[in-house]
Amino acid sequence: MLMKIAVLGTGNLGLSIIKGILKSGEDYQIIATRRNTQSIAFLEEDGIEITSDNAHAITQSDIILVTLKPFNILEVLKEHKSYFTSDKIVVSMATGISIQQIHEALDNRDITVMRAMPNTASDVGESLTCLVYDGKENEKLDKVKKLLAHVGSVIQINEDLMEAATVLGACGIAYVLRFMRAMVQGGIQIGFDAKTAVKIVNQTVKGAAELLIQNQNHPEDEIDKVTTPKGCTIVGLNEMEHQGFSSSLIKGINASFHKIEKKA
């Protein structure tokens, strides 16, 4: 039987997830909602149903991926709570909104509610999605895991770690990209044209990640292999540390985390 998926509030994250599912080749029936449907009308070419009617999308779907912004998710859920029957699976992707808050908004404890935090690498099937579920229905959990696995890796965590997961996994994409941008700028300064610098940096970062994934090493182990005595690598690393490289990154991660904590 064809699984029916609704994506409520299809912005950048929702689009990334839809694109990832489409690239997986798995056969799902997908309904995408957005107030301004023109901005996602191109999805119709891939067989996606586009609508501004959240109630229709909810009633027609088995799994509802809620990609609305945190400031309006509870209001939208309350407004449409009568459409969320107990056979539905609700997967919230809103930062700082707990499963308990969602149950209260829906006014129904029988509905299966999960929280998930993918990142925009869903677009290319390389997301790391953290998933929270405190229920007992393993069949429903497996359905959601299978769905999210089409856009990358999935790990299940406790809900009290969800805000930390958001910072490290979702915000982390931006941190890494900003680091890569700086590497490109440095590459241009030392002589490369922008296109070549981007190519070198992209493959270098990809290679570094694969070293850690395949060798299952700590980053410092791989760094030691590159830093020869009196070499240029250690000089560069030490200068970066003198300028606060690691410290500023850690401070940035903590700043993002405290921002979420204040909202929660």
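The exercises below work through selected features of this structure, each with a solution in steps.

The structure is a predicted model, in which local features need pLDDT of at least 70 and side-chain atom pairs count only at pLDDT 80 or more, while totals for chains, interfaces and linings use all residues. Residues are numbered from 1 along each chain as its sequence is written, and side-chain values use heavy atoms, with hydrogens and water left out.

**Exercise 1. Annotated residues and a pocket**

Task: State which residues from Leu-8 to Leu-13 the UniProt annotation "binding site" covers, and place Gly-11 and Leu-13 in the secondary structure.

Solution. Step one is the record: an unreviewed UniProt entry carries the annotation "binding site" for Leu-8, Gly-9, Thr-10, Gly-11, Asn-12 and Leu-13. Of these residues, Gly-9, Thr-10, Gly-11, Asn-12 and Leu-13 are included in the lining of the second largest pocket. Such annotations may be inferred rather than shown by experiment, their positions follow the numbering used here, and feature names are shortened. A pocket is an open set of points on a 1 Å grid over the protein atoms alone, where a 1.4 Å probe fits and protein lies on both sides within 12 Å along at least five of seven lines; lining residues have an atom within 4 Å of a point.

Step two is the secondary structure, where helices (H or I, at least four residues) and strands (E, at least two) are DSSP runs numbered from the N terminus. Gly-11 sits in the loop between strand E1 (3-8) and helix H1 (12-24), whereas Leu-13 belongs to helix H1. Step three is contact, meaning heavy atoms within 4.5 Å: leaving aside neighbours within four places in sequence, Leu-13 is in contact with Met-93, Pro-118 and Asn-119.

**Exercise 2. Asn-54 and Lys-140**

Task: Decide whether Asn-54 is buried or exposed, and do likewise for Lys-140.

Solution. Buried means under 20% relative accessible area, exposed over 50%, and partly exposed in between, with a 1.4 Å probe and protein chains only. Asn-54, which the unreviewed UniProt entry also annotates as "binding site", is found in helix H2 (residues 54-59) and has 14% relative accessibility, so Asn-54 counts as buried. Not counting residues up to four places away in sequence, Asn-54 touches Leu-8, Thr-33, Val-76 and His-80.

Lys-140 lies in helix H5 (residues 138-149) and is buried, with a relative accessible area of 15%. With residues up to four places away in sequence again not counted, Lys-140 touches Ser-86, Ile-89, Thr-112 and Met-114.

**Exercise 3. The aromatic pair**

Task: Find how many aromatic pairs the structure holds, and classify what is found.

Solution. Rings of Phe, Tyr and Trp (its six-membered ring) pair if their centres lie within 6.5 Å; planes under 30 degrees apart count as stacked, over 60 as edge-to-face and the rest as tilted. The structure holds one such pair. The ring centres of Phe-179 and Phe-245 are 6.2 Å apart and the planes stand at 55°, so the pair is tilted. Because Phe-179 lies in helix H6 (residues 162-189) and Phe-245 in helix H10 (residues 245-263), the pair ties together parts that are 66 residues apart in sequence. Phe-179 is partly exposed at 34% relative accessible area, and Phe-245 is partly exposed at 36%.

**Exercise 4. Cysteines**

Task: State how many disulfides there are.

Solution. A disulfide is a pair of cysteine sulfur atoms within 2.5 Å, and by this rule the count is zero. The sulfur of Cys-130 is 12 Å from the closest cysteine sulfur, in Cys-171, which is too far for a bond. Cys-130 is buried at 7% relative accessibility, whereas Cys-232 is exposed at 70%.
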